[in-house]
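The following exercises concern the pocket lining and the salt bridges of a single protein chain. Each task is followed by a solution in steps.

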Amino acid sequence: MKATICILLSIVLGGYHSYGQEVAYEPEPLRPLLQLEMNCLMGSFGLQYEHPLDGQWTIGVETGLGFNYFLEIDPTDQENRYRFWEETDLNLITAVEIKNIYNRNKLFEKGESLANNTGHYVSVRLGYANGGTSLSDYPLNNAILSEVRWGAQWPDRCWGRLTNGFYVGLGYAVAPGAGSGVLYPVIDATLGLLLIK
């Protein structure tokens, strides 16, 4: 009988003590993502892997094919130009991107979903394009692409396997032997399909 009373008393007192304490909730941590991604405006698609580093940082690697803008280099007058929306050959693009996803705590406080590494981000991307174009004697070939981006990514609300996003920024492209490179605008909307969830 005494044992039963002691057990009941400890349960009541323990429950009362824990009732007065606040439970600390934290945002869902960033996680590895492997997805097929399509850049809707520039017409490129590929495979992307994003791996969390620490806190709000990720590093991603990607490879894919694109019909993106190309760098037209004229060695006679040293004017480098880029063109959009013209028929180009496929470019094989590989890149590494470091992201800082900076507003997840604020989204968490608003009750927003943080699935699939949701949030606004600032990133630096270094890429390599190997391809060409039929419109120029000096195609974008073996070119190094450096970009600074600001963007956002978020999950779909229904299926949970799609990701959406957009980004804007500024890039600098240079091809070996071309002398100086060229600045170009960076803008796109993305749609991804998660392969591992």
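**Exercise 1.** Classify the residues of the lining of the largest pocket as nonpolar, polar or charged.

*Solution.* In this predicted model, the lining divides into five nonpolar, three polar and three charged residues. To verify this, list the lining: E26, P27, E28, P29, L30, G55, Q56, I101, Y102, R104 and N105. The space enclosed by the largest pocket is about 210 Å³.

**Exercise 2.** Determine which parts of the chain are linked by the salt bridge between R125 and E62, and state whether each partner is buried or exposed.

*Solution.* Step one: the side chains of R125 and E62 meet at 3.3 Å, N to O, which satisfies the 4 Å cut-off for a salt bridge. Step two: R125 belongs to strand β7 (residues 119-130) and E62 to strand β3 (residues 57-66), so the pair, 63 residues apart, links distant parts of the chain. Step three: R125 has a relative accessible area of 7% and is therefore buried; E62, at 18%, is buried because its value is under the 20% limit.

**Exercise 3.** Trace the network of salt bridges that includes R125 and E147.

*Solution.* Begin with the salt bridge between the side chains of R125 and E147, at 3.6 Å, N to O. This pair joins strand β7 to strand β8 (residues 143-155), with the partners 22 residues apart. Next, E147 also meets R149 in a salt bridge, at 2.8 Å, N to O. R125 and E147 are both buried, and R149 is buried as well. The network comprises E62, E97, R125, E147 and R149. The whole structure holds five salt bridges.

Terms used:
Residues numbered from 1 in each chain as written. Predicted model: local features only at pLDDT ≥ 70, side-chain atom pairs only at ≥ 80, totals over all residues. Heavy atoms only, no water. 1 Å grid on protein atoms, 1.4 Å probe; cavity = no way out; pocket = protein on both sides within 12 Å on 5 of 7 lines; lining within 4 Å. Points joined across faces, edges and corners; volume = space filled by probe spheres on them. Nonpolar A, V, L, I, M, F, W, Y, C, P; charged D, E, K, R; others polar. Helix = DSSP H or I, 4+ residues; strand = E, 2+ residues; numbered from the N terminus. Buried < 20%, exposed > 50% of the residue type's maximum accessible area, 1.4 Å probe, protein only.
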